[in-house]
Amino acid sequence: MKRIGALVCLMVMVVSVLAPVSFAANETNSQKEGFAIVESIPHDMDEGVSVENLSVKIYFNKDVMPTSDKIEAANADQFKLKSADGKNIPIKVYYSEDEEGLLMVASNIHSKDARQANSVIKGDTKYTLTIGKNLQAADGTKLGAKETITFKTLDQQKSTRVYMILMIVMMVGMVFFTTKSAKKVAEKEAKESGKSQTVNPYKEAKRTGKSVEEIVAKDQQRKAKEAEAYAKKKAKEAEIMAALEEEEEEAESSNKRVSGPRPISATGSEYKVKVVKTQPKQNTSTNPKNQSGKKKNSKGKK
């Protein structure tokens, strides 16, 4: 029994050690054998792709850098770009040296062949990029199945129209808000100056459909209210100014003024300041000025 238990434990240990290795080997083999597209920019069925410098970025799960010029030329033949009417668009394939598995297929409409065929990228047009099944990765594996990426270019005329409409709307809005702001400023200045806004009764009657007499009466009422409000405002301002002037006069009357400076003894104080004279500084220099060397020495001998 002990031997059987030991054998069972040993088998379990061997399986647990070898199973991950076998799975890793299978995964490595599947990665080596499988060569596929991971992502493309633009994606399949995308719209609004830029017409200028039309290109498609394709990300693969393996390195696609060609190992020889022969493989590079063969891979270039695996890419075909066609318009919706079946017209071939000249292209050029670029490989990324910085990012593994990335290549870019760009339209080459400025080439000699493109100029001869009069190839141009049009707006609001569908294009299809076909990748052949014989596209080869750096490790020699091939794509194995044909892939297609279809996209639609941007309608530039429509985009321009939308842009122009937005610009017109923005300009109209700016004019409207500027006029409204200027009108508010004019009304505020008119209120502050006490001038009433002039109303054309005939024009207002035509606009509102009311009678001229009604508009004139309403305008007079408005002017009377404005005049009354302006008079109240001015009276309040005058009252505030009078209060301020009264406060200034009280402050000036509380300050006592004198004709000029007076000594402290004039007020009856007997305080006196003691003045101390200092002794003049004696010259203790060992090198008196304006004396020659002999005189200095003779004085030193004495």
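**Exercise 1.** In this predicted model, determine which residues leucine 129 is in contact with, leaving aside its neighbours within four places in sequence.

*Solution.* Step 1: Contact requires heavy atoms within 4.5 Å. Step 2: With the neighbours within four places in sequence left aside, the partners of leucine 129 are Val56, Ile58, Lys80, Leu81, Val105, Glu147, Thr148 and Ile149.

**Exercise 2.** Describe the largest nonpolar core and identify the strands that supply it.

*Solution.* Step 1: This core has 24 residues. Step 2: The residues with the most contacts inside the core are Ile58, Phe60, Phe79, Leu103, Leu129, Ile131 and Phe151. Step 3: At least two core residues come from each of S3 (55-60), S4 (79-83), S6 (91-95), S7, S8 (126-131) and S9. Step 4: In soluble globular proteins, nonpolar side chains tend to be buried together.

**Exercise 3.** Establish whether leucine 103 is buried or exposed, and locate its surroundings.

*Solution.* Step 1: Leucine 103 belongs to strand S7, residues 102-107. Step 2: Its relative accessible area is 1%; buried means under 20%, so leucine 103 is buried. Step 3: Beyond its neighbours within four places in sequence, leucine 103 is in contact with Val56, Lys57, Ile58, Phe60, Val64, Phe79, Val93, Tyr94 and Tyr95.

**Exercise 4.** Explain why S2 and S5 stand at the edges of the five-stranded sheet.

*Solution.* Step 1: The open sheet has the order S2-S9-S8-S4-S5, with mixed pairing. Step 2: S2 (46-49) and S5 (88-89) each have a single partner strand, so one side of each lacks a neighbour in the sheet. Step 3: S2 runs parallel to S9 (residues 147-153), joined by two bridges. Step 4: Aspartate 46 has phenylalanine 151 in S9 as its bridge partner.

Note on methods: Residues numbered from 1 in each chain as written. Predicted model: local features only at pLDDT ≥ 70, side-chain atom pairs only at ≥ 80, totals over all residues. Heavy atoms only, no water. Helix = DSSP H or I, 4+ residues; strand = E, 2+ residues; numbered from the N terminus. Buried < 20%, exposed > 50% of the residue type's maximum accessible area, 1.4 Å probe, protein only. Pairing = 2+ DSSP bridges. Core = buried A, V, L, I, M, F, W, Y, C linked by side-chain atoms within 4.5 Å.
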